[in-house]
Amino acid sequence: MTKEIWLGPVLGTNREQLLVRCAEYVAKGETDRLLYIAASHPLLDLATQKILDGKNANGVWGEFPFYLFRGFVRRVLSSAVVDNASTSLLALPYGQASDIAGLPPRVPIDREELPLRHSLISQIIKQLADAGKLPAIKRLANRDGCVNTVASLIGELQRAGKTAEEFASIVEARAAEVQSPKSKVQSSKSQLDFDRDVALIYSKYSEALKRFGLTDEDADQLRALQILRGDVAEVVNSRRRERAQVSNLRYTLPWLDDVELLVLDGFFDFTPVQGEILRRLIPAIPNVIVKVNYDDRNSQIFQPFQATIQQLKSIADFKEITDTQSPPADLRARLFNVAQVANLRSDASETETTQISNLRYTLRECSNRETELRWIAKEIKRLTLEEDYKLSDIALVVRERAAYADAILRVFGAESVPCNLERRVAANDIPCVRATAKLFQILRSSEREHVIDPKTSELAHLVKTGYFRVSRADVELLKQTFDRQYAKLLDVEAETE
């Protein structure tokens, strides 16, 4: 049993070694013994391409054990089964056992195709306010700002790993502490009333999700945590109303006992609920490898990673392994390194003074992405107009390019700032490729097996695109044929006579 934290540069060699080790499980057909969780979608795509490269493996049978964290959560929910030790299925009516073999599926209401989460919370707030159960926020119940704030707060509570019952108990404990004569804690009554209102809304929201079979991404993570803790009390609605409902069922994950290696790749922090999930998951798996970015030559920029490393070490006895085989790169050592300035000397006192008086770096906090990018665009214009910078000397670095790409193009276009953003365009979005694909579709159509000539309407649409023009000689021949056969039909004078 080994628990290791692999430290190395962003473009180091330890990820290649890590993927080689994962590929061994895939090549042997032992994917049930591996669990890989990536921090971002591009990293997941990279790992998948490396594993399924056609050399080690062309594919796998069954579940491919490479996930984002939300994908892992979905697997937990879809594969959880009733713990026979806590519930006797033999005591249930005939046919009831099949209804509760796993968690009942739920419909997500926070997706673009079904955005009902905001509306559901809004309806709950209005109904509770009309019933006089929200004394603190009753006057704000019909305002969108109130609904947005409460919805965001419920999401934060879910990401913190707190159920509605746990949050309500925390609020009441806080109220009892404040109201105690010996208490030194100062808190206004209005704040406690607001906390109680939020606790009631959160409770009704959780009940609505369970009653109608709904869910959202944060609620899924919270349910997965409950499964790993073994404290799920799930109400199962039977298919027939005459059957009794079953509640207080505990669920287990049989496949988790077969997992031999857990890989966490690319994370620099975890939300509280993710941290609690890992607190149950890591001790249950014999071998765990956590890939963390780090560089000794630029340690200050990776200082936030230390909190994550300490969090992992509080879960299990992890051993740190530093990558020493990566090729040297001066840019890695100098990029965003505030400890390095021109003519920096080695004595500690001057280093501290240099870091304090270093004016080359500016920290600016923005309320949203739009404001952030507009400030960057104006700063770029200032540098080019006032300080004679070239656009080729300026680089914009973001955490995830896909999340910023559309906003960068829009904002920079509005501010008249040129940018060289290499965006990928799908082949089907290129007009000439789309026209060619339609031609191939006509030729490979099942109707072509018995009919040689395609329909005129099909070809006419391709001709109109401009990529399959008819030659001038053929156009002239078609014109002569048309005049010879159908010109009389267009002769108005002949028809009149």
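**A lined cavity and the helix packing around it**

The residues that line the largest cavity of this predicted model divide by class into 1 nonpolar, 1 polar and 5 charged. That lining is made up of R70, V73, R74, R111, E217, D220 and Q221, and the space in the largest cavity comes to about 30 Å³. A search of the whole structure finds 1 cavity of 30 Å³ or more. Two helices, helix 3 (69-79) and helix 9 (217-229), each supply at least two residues of the lining of the largest cavity, and the packing of these two helices is a natural place to continue.

Helix 3 and helix 9 pack with their axes 9 Å apart and at an angle of about 55 degrees. An angle of that size lies outside the ranges for roughly parallel, roughly antiparallel and roughly perpendicular pairs, and helix 3 and helix 9 are therefore oblique to each other. The crossing of helix 3 and helix 9 is left-handed. On the side of helix 3 the contact is made by F69, R70, V73, V76 and L77, while helix 9 contributes E217, D220, Q221, R223, A224 and I227. Sorted by class, the contact of helix 3 with helix 9 has 6 nonpolar, 1 polar and 4 charged residues. R70, V73, E217, D220 and Q221, which take part in this contact, are also among the residues that line the largest cavity.

Helix 9 also packs against helix 10 (residues 272-281), where the two axes come within 9 Å and cross at roughly 25 degrees. Because angles under 35 degrees count as roughly parallel, helix 9 is described as roughly parallel to helix 10. The crossing of helix 9 and helix 10 is left-handed. In this pairing Q221, L222, A224, L225, L228 and R229 of helix 9 meet V273, Q274, E276, I277 and R280 of helix 10, and by class the contact has 6 nonpolar, 2 polar and 3 charged residues. Q221 and A224, which meet helix 10 here, also belong to the contact of helix 9 with helix 3, and Q221 is in addition one of the residues lining the largest cavity.

A further packing pair is formed by helix 5 (residues 117-130) and helix 6 (residues 144-159), whose axes lie 10 Å apart at an angle of about 110 degrees. Since the range from 65 to 115 degrees counts as roughly perpendicular, helix 5 is roughly perpendicular to helix 6. From helix 5 the contact draws on R117, H118, I121, S122 and I125, and from helix 6 on V147, N148, V150, A151, I154, G155 and Q158. The class division for the contact of helix 5 with helix 6 is 6 nonpolar, 5 polar and 1 charged residues.

Technical notes. Residues are numbered from 1 along each chain as its sequence is written. This is a predicted model: local features need pLDDT of at least 70, side-chain atom pairs count only at pLDDT 80 or more; totals for chains, interfaces and linings use all residues. Side-chain values use heavy atoms; hydrogens and water are left out. On a 1 Å grid over the protein atoms alone, a cavity is a set of points where a 1.4 Å probe fits but cannot get out, and a pocket is an open set with protein on both sides within 12 Å along at least five of seven lines; lining residues have an atom within 4 Å of a point. Grid points are joined across faces, edges and corners, and a volume is the space filled by probe spheres set on the points. Helices (H or I, at least four residues) and strands (E, at least two) are DSSP runs, numbered from the N terminus. Ala, Val, Leu, Ile, Met, Phe, Trp, Tyr, Cys and Pro count as nonpolar, Asp, Glu, Lys and Arg as charged, and the others, Gly among them, as polar. Axes are lines fitted to C-alpha atoms, for helices over the stretch in contact, and angles run from 0 to 180 degrees between N-to-C directions. Angles under 35 degrees count as roughly parallel, over 145 as roughly antiparallel, 65 to 115 as roughly perpendicular and the rest as oblique. A crossing is left-handed if the near helix is turned anticlockwise from the far one by less than a right angle, and right-handed if clockwise. Contact means heavy atoms within 4.5 Å.
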